[in-house]
Amino acid sequence: MIPQEMKKSLQELKINAFLRESNIKKAKGTTIFEVFTTIFLLSFQKETWFQQKFMSDKSDSLVGKDVVYRFLNRATYNWKKFLLLLSSHLIGLCSRLTSNERVKVLVLDDTLFSKARSKSVELLSTVFDHTTRKYVKGFQCLVLGWTDGASFVPVNFSLMASVKHLIKGINEDIDKRTSGYKRRLEATASKPIIAAKLIEEALANGISASYVLMDTWFTEAPLIKSILTQGLDVIGMVKRGPKRLYDYKGKKYTAERLLKLVNRNTHSSEIIGSIHVKMNSGIPVKLVFIKHRNNPKKWLVLLSTDQSLSDEEIVRIYGYRWNIEIFFKCNKSHLNLSSEFQCRSYDSLIAHTSIVFSRYIFLAWEQRKANDDKTLGYLFFEFGEDIREVDFTEALLALMNFILDIVMNQQEEVIIKVADFKNAVLTWISTLPKYLQRFLGVLIPVD
């Protein structure tokens, strides 16, 4: 049964209508909305499906086990369309609450979707875990999100398998006309190609943004060129090395050599400076060099295809990217991503991940309503102040403390980053309504 506090928000998000529009429906018996909400509410009730169905007094009122597993394993359900409809609807609600001049961005990143104890999961492969520096069984969950600095909304995703390290292939019985088969083809395609496709699908569904934010893995010329052709600019962190060359006044330079030629920034003690160059592919970009605040020998480079932005604005906008890291942590620690059901079909993984992302969308809307006075009524659309954006100082601290630690891969700094992760997640939870804080609980104690 849906808690009374949640009913209004679920109606505002039009989840039932979007399920039907995405061909997620049943001919008879328990309604599809009842099955969806049964799974949706699990993480808020702090019980697994097994505990609810077989170990509690609520078992008689719950939908049957077979109904739930048929729901998760259906290849004809278009979960991609459902998530795009739901996210674009919430983005529309959020955009009404902010000015047109506010910067809105798409964020592209991936995270480990671990299935370490599995053997027979469809399309299971060994993938590289950047945290432990080891290969583990599972998938790479490629995610595209949207943020305006106040709310983060997951828009689209793909569970990517490694073709070179595949453990189990595609189920040969799958109908090749279904949405499920198309998702399987995505899983084995090139990650940059799918990344560009996720952005294209988001734009086709009316989601507007000015920039795409990416880390070092994605900030490569082919993907940048593909994004530029879609009318968006890119702000990303770039790798350094002797093979990464830039054209400056007709000569080729590495980032290390360009550091000696930059126009020095006199407005910030943390930003070294910037320089306008061309990539090897001929794309004109602006590079911004930033110090490590605790170690002057360390520095990083941000790239922007919008050369009109100031150094400070490039750093500030890139600070929005930290929202997707909080999203990953919250999904894994609080919303049971990859751990709630033990299913073997690829369709069930897609279905459950879509439901987990729907939980986060619900929380994002509750958080926005709790913190933005303009949601109280039409009067605030005219007279309310815009909800606060991330400022330059916050963005710079997040950039230097968190992202650089990942790039440098130093063990002692990774430990610091984990503690900062915990604080960031707890801060995010503290902005939610009190009833949701009670549902989620504080599962990550601060060290």
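**Group meeting: salt bridges, a covered strand and some loops**

I will begin with one pair of residues: Arg184 forms a salt bridge with Asp347, and the closest N and O atoms are 2.9 Å apart. This is a predicted model, so please hear every value that follows as computed from it.

Where do Arg184 and Asp347 lie? Arg184 is in helix 8, residues 179–187, while Asp347 is in helix 14, residues 346–371. The pair therefore ties together parts that are 163 residues apart in sequence. Is Arg184 buried or exposed? Arg184 has a relative accessible area of 1%, so it is buried. Asp347 has 8% relative accessibility and counts as buried too.

Next, a salt bridge that also involves helix 14. The side chains of Glu340 and Arg359 meet at 2.8 Å, N to O. Glu340 sits in the loop between helix 13 (322–333) and helix 14, and Arg359 sits in helix 14, so this salt bridge ties together parts 19 residues apart in sequence. Glu340 counts as buried because its relative accessibility is 10%, under the 20% cut-off. For Arg359 the relative accessible area is 0%, and that residue is buried as well.

There is also a pair inside helix 14. The side chains of Lys369 and Glu366 form a salt bridge, with 3.3 Å from N to O. What separates Lys369 and Glu366 along helix 14? They are three residues apart, which means about one helical turn. Lys369 is partly exposed, with a relative accessible area of 24%, whereas Glu366 is buried at 5%. Elsewhere, Lys80, Arg183, Glu186, Lys197 and Glu201 are joined into one network by salt bridges that share partners.

How many salt bridges does the structure hold? The count is 20. As general background, side chains of opposite charge can pair when their charged atoms come close.

Back to Arg184, by way of one of its contacts. Glu122 is in contact with Arg184, and also with Phe139, Lys168, Gly169, Ile170, Asn171, Arg344, Ser345 and Tyr346, leaving aside neighbours within four places in sequence. Glu122 is found in the loop between strand 1 (105–114) and strand 2 (125–129). With 5% relative accessibility, Glu122 counts as buried. A polar atom of the Glu122 side chain lies 2.8 Å from the backbone nitrogen of Asn171.

That loop follows strand 1, so let me turn to the strand. Strand 1 is mostly covered, with nine of its 10 residues buried. Which strands pair with strand 1, and in what sense? Strand 3, residues 134–147, pairs with strand 1 in the antiparallel sense over 10 bridges. Strand 5, residues 211–214, pairs with strand 1 in the parallel sense over three bridges. Val105 appears in both pairings: Val105 stands opposite Thr147 in strand 3, and opposite Tyr211 in strand 5.

Now helix 13. Helix 13 has 12 residues and reaches 17 Å from its first C-alpha to its last. That is close to the 16 Å expected at 1.5 Å a residue. The buried residues of helix 13 are Trp322, Ile324, Glu325, Ile326, Phe327, Phe328, Cys330 and Asn331.

I will end with three loop residues. Ser308 is in the loop between strand 12 (295–304) and helix 12 (311–318). Ser308 counts as exposed, at 65% relative accessibility. The side chains of Ser308 and Asp306 are joined by a polar contact of 2.6 Å. Ser308 and Val285 are 23 residues apart in sequence, and their C-alpha atoms are 10.0 Å apart in space.

The other two loop residues are picked out by their phi angles. Most residues other than glycine have a negative phi. Lys14 is not a glycine, yet its phi is positive, at about 60 degrees. Lys14 is found in the loop between helix 1 (4–12) and helix 2 (15–21), and Lys14 is partly exposed, with a relative accessible area of 43%. Lys249 also has a positive phi, near 55 degrees. Lys249 lies in the loop between strand 7 (246–248) and strand 8 (251–253). Is Lys249 buried or exposed? At 70% relative accessibility, Lys249 counts as exposed.

Key:
Residues are numbered from 1 along each chain as its sequence is written. This is a predicted model: local features need pLDDT of at least 70, side-chain atom pairs count only at pLDDT 80 or more; totals for chains, interfaces and linings use all residues. Side-chain values use heavy atoms; hydrogens and water are left out. Helices (H or I, at least four residues) and strands (E, at least two) are DSSP runs, numbered from the N terminus. Buried means under 20% relative accessible area, exposed over 50%, partly exposed in between (1.4 Å probe, protein chains only). A polar contact is a pair of N or O atoms within 3.5 Å; within protein, one must be able to donate a hydrogen and the other to accept it, and residues adjacent in sequence count only if both atoms are side-chain atoms. Contact means heavy atoms within 4.5 Å. A salt bridge is a side-chain nitrogen of Lys or Arg within 4 Å of a carboxyl oxygen of Asp or Glu. Two strands pair if DSSP finds at least two bridges between them. The expected span of a helix is 1.5 Å times one less than its number of residues.
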